[in-house]
Amino acid sequence: MINQNSKPLLEVQGLHATVNDVAILKGIDLTINYGEIHAIMGVNGSGKSTFAKVLAGHSAYQVTAGAVLFDGKDLLALAPEERARTGVFLAFQYPIEIPGVANSQFLRLAYNTVQTQRGKDELDPLEFDDFVREKMKLLEMNPDFLDRSVNEGFSGGEKKRNEILQMALLEPRLNILDETDSGLDIDALRVVANGVNQFTNNDNATILVTHYQRLLNYIVPDYVHVMESGRIIKTGGKELALELETRGYDWISAENSATEGAVL
Amino acid sequence: MSEVVSNHYLEDLLKTYPPQHTTSALPWLRQLRTEAVDRISALKMPTTRDEEWRFTDISPLTEVPFQVAQTIPQLQPAEIKYHYLQEAATRLVFIDGQYASALSTINNDSGIIVGNLSTLLTSYSAEIAPHLGRYASFNDNIFAALNTAFLHDGAVIIVPKNISIAPPIHLLFIATQKEVTSYPRCLIVAEPGSHVTVVEDYIAQQEVAYVTNSVTEVSVADDAHVNHIRLQRDSHQAFHIANCTATLAHASNFQSINVALGARISRCNLNVQLASEGAECTVNGLALIKEQQLADTHTFIDHIKPNGTSRQLHKCIVDGASHAVFNGKIMVQPNAQQTDSSQTSRNLLLTGQAQVNTKPQLEIFADDVKCAHGATVGQLDPEEIFYLKSRGLSGLAARNLLTYAFGAEIIDRIPITSLKNQLEKAVLEYTQSAEP
């Protein structure tokens, strides 16, 4: 929710990034205040997932220019695990399966690691079990998922729910949801979106990376940004997503080149 | 050069041969030892020129004057208690190869014959004679020959017909002294329809160099079931040579789990003979090594008769500059129609210096069989590591968790909870390497 008095949580300035020396991000400027929900849309290959991974610190991407401040501090100087501990959370488009590690063990390890770093107490397995079951109820998740290996044999919807469960447990300040809606049927989409809505508030902010407008019926963004060729080429309110749904992306692209032409 | 050294080594070893071994009151045992001594004179220490020892240079073993322990330290239960398995009702403890009755507990309520070999030989010679030395051939195996020649103690377990022993039997071999060689011998006989679980466990009291040369013989009679868990957690300076042979009768079942964590150089030969129709075996292995360790596992699963089933999964986790070797041969004899066999070797390299040589082999001489085998060698997936880091785990914690997950598939198959927990903890804390 837009609140005139809220502070910036994330300030991205002129961010450029490459993968294998190929430029993917070519100057992103974006400010996100506490409490806000921003949707980032764009066609495949526009760089939106790369942006999400760069914020989380994926080592395959090199930042070549620009700055990212998280609550006023240099985010790019932190390792991925430090970013997670300070409150950046990436819900993966393709969550990793870890056969041999029970989901409960993994969730507790992540929870306790982050709690310890924040100077809070760890939970023992029994305390954690109660805690995680409460969160799972909110996501309509079957408790059996605690005993199964991490994401192994989970359906697409179950994997995404497991991602949101991790978000709920780790209580990040910046939620980055990378194509969380992909592969979900409408019921699963509703459950996942409800979960996200329950965990968004004025103490955090959310970036929704998505291809389709449909997710935004359930999680209503304050801003919609359109990316193309590694830059944000248009920003609007939630109505922009509806316009994209009916008109596609081409008109923005055309409008953008026209503007650039005028400047030149 | 190394051959000359090796033969001196064997000659010197025979000079230390205990004279009382040649004057045993039991003629059959005397004869067995004599045959073994004769074979030692005819055999050589293997070198890397021998196909079976291509990757395992055993010559460092010959450079140290290892002898049978002259004196045995008295250990207090408090010193070794944390190695005990709470589930076990019978525990036999051996220190530097010698039986320690004060630390052992025997429960033979169900009529099972269980105890240390040298004691039981006096009262159960007739029960032991048909089995001891009958399965583990030493004809072309110098280490089995040495063990047989020098054998003086070990464990005997004879489970009578149709008796099921639910609690595991724990055989705990503790090494305490440097430059000592021990020759543990285990005999497990499961009579028809019986059921038993045995844990053969090798541990070190200090980080010193010594040699363990063990032989285990397992006879699984008709419809019997044996669970055999072998755990090698020797000192990282030690040498560990193991020869284990199991012979399976009609519709019997042999479940084997071999875990190798310790030793500077270890070699485990496991030989399973499906000698009668409908026998089943599952052979699981895990080698988890680091630094300069070498762990070599050779298995031979011999389908002799029809309708046999074998399942094998062998995993190696190789860290530091260590080296794992797996050679798994499955033979399907002409008679062994309807054999169903599968073998998988999976290997995880944690560093660029770590090395694995894996060789699954299938030799099939029957035409109506189902056999599959395969091998993979891989590294930790950077995407998996990133996933865990993005949840706050340090690089080391992420690597340890993924390493643990790789090994868990084997460890989860151990049917003893306390042992499983011990190993899970060991694996979770094992990897020390920083990120590559």
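Visitor: How do I read helix α2 of chain B, and how many residues does it have?

Guide: Start with its length. In this predicted model, α2 of chain B covers residues 27–42, which makes 16 residues. From its first C-alpha to its last it reaches 23 Å, close to the 22 Å expected at 1.5 Å a residue.

Visitor: Okay, and which residues of α2(B) are buried?

Guide: Look for L32(B), R33(B), A36(B), R39(B) and I40(B). Now turn the model and look down the axis of α2(B): those buried residues fall within an arc of 120°, so they line one face of the helix.

Visitor: What sits on the other side of α2(B)?

Guide: There you'll find exposed residues: P27(B), Q31(B), D38(B), S41(B) and A42(B).

Visitor: Let's try a strand. How should I think about its two faces?

Guide: Here's the general idea: in a regular strand the side chains alternate between the two faces of the sheet. Then take strand β9 of chain B, residues 211–220, as the case to try.

Visitor: How many residues of β9(B) are buried?

Guide: Ten of the ten, so β9(B) is largely enclosed by the rest of the structure. Both of its faces are covered. One side has V211(B), N213(B), V215(B), E217(B) and S219(B), while the other has T212(B), S214(B), T216(B), V218(B) and V220(B).

Visitor: Which way does β11(B) run beside β9(B), parallel or antiparallel?

Guide: Parallel: β9(B) and β11(B), residues 239–248, pair over ten bridges. To line them up on screen, find N213(B), which stands opposite I241(B) in β11(B). Strand β7 of chain B, residues 185–190, is also parallel to β9(B), with six bridges joining them. Here V189(B) stands opposite S219(B). Finally, two bridges join β6(B), residues 181–182, to β9(B), again in parallel, and S182(B) stands opposite T212(B).

Visitor: How many residues does each chain bring to the contact between A and B?

Guide: People often give the size of an interface as the accessible area lost when the parts come together. Here we can count residues instead: 16 from chain B and 21 from chain A. On the chain B side, α7 (382–389) and α8 (395–411) each supply at least two residues. The largest share of that side, six residues, comes from α8(B). By type, the chain B side divides into eight nonpolar, three polar and five charged.

Visitor: And what pLDDT does chain B average?

Guide: It averages 93, and 97% of the residues score at least 70. Go carefully at residues 1–5 of chain B, though, where the pLDDT is below 50. For the model as a whole, the scores are ipTM 0.94 and pTM 0.87.

Methods:
Residues are numbered from 1 along each chain as its sequence is written. Chains are lettered from A and ligands numbered from 1 in the order in which they are written. This is a predicted model: local features need pLDDT of at least 70, side-chain atom pairs count only at pLDDT 80 or more; totals for chains, interfaces and linings use all residues. Two residues are in contact if their C-beta atoms, placed from the backbone, lie within 7 Å. Helices (H or I, at least four residues) and strands (E, at least two) are DSSP runs, numbered from the N terminus. Ala, Val, Leu, Ile, Met, Phe, Trp, Tyr, Cys and Pro count as nonpolar, Asp, Glu, Lys and Arg as charged, and the others, Gly among them, as polar. pLDDT is the predictor's confidence in each residue, from 0 to 100. The expected span of a helix is 1.5 Å times one less than its number of residues. A residue is buried if 20 or more other C-beta atoms lie within 10 Å of its own, exposed if 12 or fewer, and partly exposed in between; C-beta atoms are placed from the backbone. The arc is that of the directions from the helix axis to the C-beta atoms. Two strands pair if DSSP finds at least two bridges between them.
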